[in-house]
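Biologist: Could you take me through this model and show how each label follows from its cut-off?

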Amino acid sequence: MCPKYVLKPDKDKNDIHYFSFMDGSIFLPNTFNTYSNNHYCIENVVFGDFPENNNLWTFFCFDSNEEETLKFELYPIGILISCAFFTLTLVVYLSIPKLRNLPGKILICLVLSLLIAYLGIACGQISPPSDKYCASFAFFIYFSLLSAFSWMNVMCFDIWLTFGW
């Protein structure tokens, strides 16, 4: 049993594929790669009691080894640890009034943007969103990361304004 990705050419043009009847390989035009028959499988997927919905689906198999699997299991844990320290930083900066000056407010906004982005990435790694919400989920993460980089730019300008004049 291999980790699988279903190819849906009717929904995604990048999943268009062609079979070679000479050697049983599969050709993916978007990557211009040909894969042998041990990299994919074809399965009859049954959807409920309606035989007209049953169809043959092509599944592309990924090579997996223990090290890669462990890396993808530890990655969200590391991000969540970062989120815990982002939260701790926010609590400190919000609870001490002396730290809520202009550089402190900029740092609060930066840390909050990074916290939101990292939480989104970790949640997406732990339980990926459905196809229905995937684009909005990605936009949310993208906006948060773009916001974080913008706040870093504001912080750099503030440092230059304070010490560079």
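Biologist: Where is isoleucine 96?

Modeller: Isoleucine 96 lies in the loop between helix H1 (66-95) and helix H2 (102-126); helices are DSSP runs of H or I with at least four residues, numbered from the N terminus. This is a predicted model, with local features needing pLDDT of at least 70, side-chain atom pairs pLDDT 80 or more, and totals for chains, interfaces and linings using all residues. Residues are numbered from 1 along each chain as its sequence is written, and side-chain values use heavy atoms, without hydrogens and water.

Biologist: Why is isoleucine 96 called partly exposed?

Modeller: Its relative accessible area is 36%. Buried means under 20% and exposed over 50%, partly exposed in between (1.4 Å probe, protein chains only), so partly exposed is the right label.

Biologist: What makes up the largest nonpolar core?

Modeller: It has 11 residues, including Phe86, Leu114 and Ala148. Such a core is a set of buried Ala, Val, Leu, Ile, Met, Phe, Trp, Tyr and Cys residues joined through side-chain atoms within 4.5 Å. H1 and H2 each supply at least two residues of this core, and the largest share, 6 residues, comes from H2.

Biologist: Which residues does leucine 114 contact, leaving aside neighbours within four places in sequence?

Modeller: Phe86 and Ala148; contact means heavy atoms within 4.5 Å.

Biologist: How do you know that the span of helix H3 (residues 134-163) agrees with its number of residues?

Modeller: The expected span is 1.5 Å times one less than the number of residues. For the 30 residues of H3 that gives 44 Å, and the end C-alpha atoms are 43 Å apart, so the two agree.
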